[in-house]
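Reader: I would like a close look at one part of this model, the aromatic rings and the nonpolar core. Please explain the terms as you go.

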Amino acid sequence: MKIVFKDVEQFQITLIRKGFSQRQFSKEIGISEAYLHQIINQKKSPSPAVAKKITEHLELDFDDIFTVQI
């Protein structure tokens with residue numbers, strides 16, 4: 001199973017609305033900017049812990065931005 005963004009564009013808009021650049025956000029949640037970029041481009045799937053950090057820092061529920069593909 002893998003975790004992917006439901007809508008990458010909406011995620012990027014949410015980052016901007018919350019005042020983050022991708023670089024700032026990756027530092028805020030403790031991952032590299034390259035890793036965040038790979039998650040956004042669906043080249044890598046975030047671990048459940050990283051997905052949780054993303055949702056918590058954006059003050060969203062998991063199902064608001066992610067889906068699980070089987």
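Author: What follows goes through the rings, the core, one helix, one serine and two loop residues.

The model is predicted, so local features need pLDDT of at least 70 and side-chain atom pairs count only at pLDDT 80 or more, while totals for chains, interfaces and linings use all residues. Residues are numbered from 1 along each chain as its sequence is written, and side-chain values use heavy atoms, with hydrogens and water left out.

The rings come first. Rings of Phe, Tyr and Trp (its six-membered ring) pair if their centres lie within 6.5 Å; planes under 30 degrees apart count as stacked, over 60 as edge-to-face and the rest as tilted. By this rule there are five aromatic pairs. In one of them, Phe-5 and Phe-66 are stacked, with 4.8 Å from centre to centre and 20° between the planes. Phe-5 belongs to strand β1 and Phe-66 to strand β2, so this pair ties together parts that are 61 residues apart in sequence. Helices (H or I, at least four residues) and strands (E, at least two) are DSSP runs, numbered from the N terminus. Phe-5 and Phe-66 are both buried; buried means under 20% relative accessible area, exposed over 50%, and partly exposed in between (1.4 Å probe, protein chains only).

Another pair is Phe-11 with Phe-25: the ring centres are 6.2 Å apart and the planes stand at 70°, so the pair is edge-to-face. Phe-11 sits in helix α1 and Phe-25 in helix α2, 14 residues apart. Phe-11 is buried at 1% relative accessibility, and Phe-25 is buried at 0%. Ring pairs join Phe-5, Phe-11, Phe-20, Phe-25, Phe-62 and Phe-66 into a cluster.

Next is the core. In soluble globular proteins, nonpolar side chains tend to be buried together. A nonpolar core is a set of buried Ala, Val, Leu, Ile, Met, Phe, Trp, Tyr and Cys residues joined through side-chain atoms within 4.5 Å. The largest one here has 18 residues, and those with the most contacts inside it are Phe-5, Phe-11, Phe-25, Ile-31, Ile-54, Leu-58 and Phe-66. At least two core residues come from each of β1, α1, α2, α3 and α4. The largest share, four residues, is supplied by α3.

Helix α4 covers residues 48-57, and its buried residues are Val-50, Ala-51, Ile-54 and Thr-55. Seen down the axis of α4, they fall within an arc of 135°, so they line one face of the helix. The arc is that of the directions from the helix axis to the C-beta atoms. These residues pack against β1, α1, α2, α3, α5 and β2, where contact means heavy atoms within 4.5 Å.

Leaving out residues up to four places away in sequence, Ile-31 touches Ser-26, Leu-36, Ile-39 and Val-50. Ser-26 lies in helix α2 and is buried at 2% relative accessibility. The side chain of Ser-26 reaches the backbone oxygen of Arg-23 at 2.8 Å.

Two loop residues remain. Most residues other than glycine have a negative phi. Gln-42, in the loop between α3 and α4, is not a glycine but has a positive phi of about 55°. Gln-42 is partly exposed at 37% relative accessibility. Glu-59, in the loop between α4 and α5, also has a positive phi of about 55°, and is exposed with a relative accessible area of 65%.

Key
A polar contact is a pair of N or O atoms within 3.5 Å; within protein, one must be able to donate a hydrogen and the other to accept it, and residues adjacent in sequence count only if both atoms are side-chain atoms.
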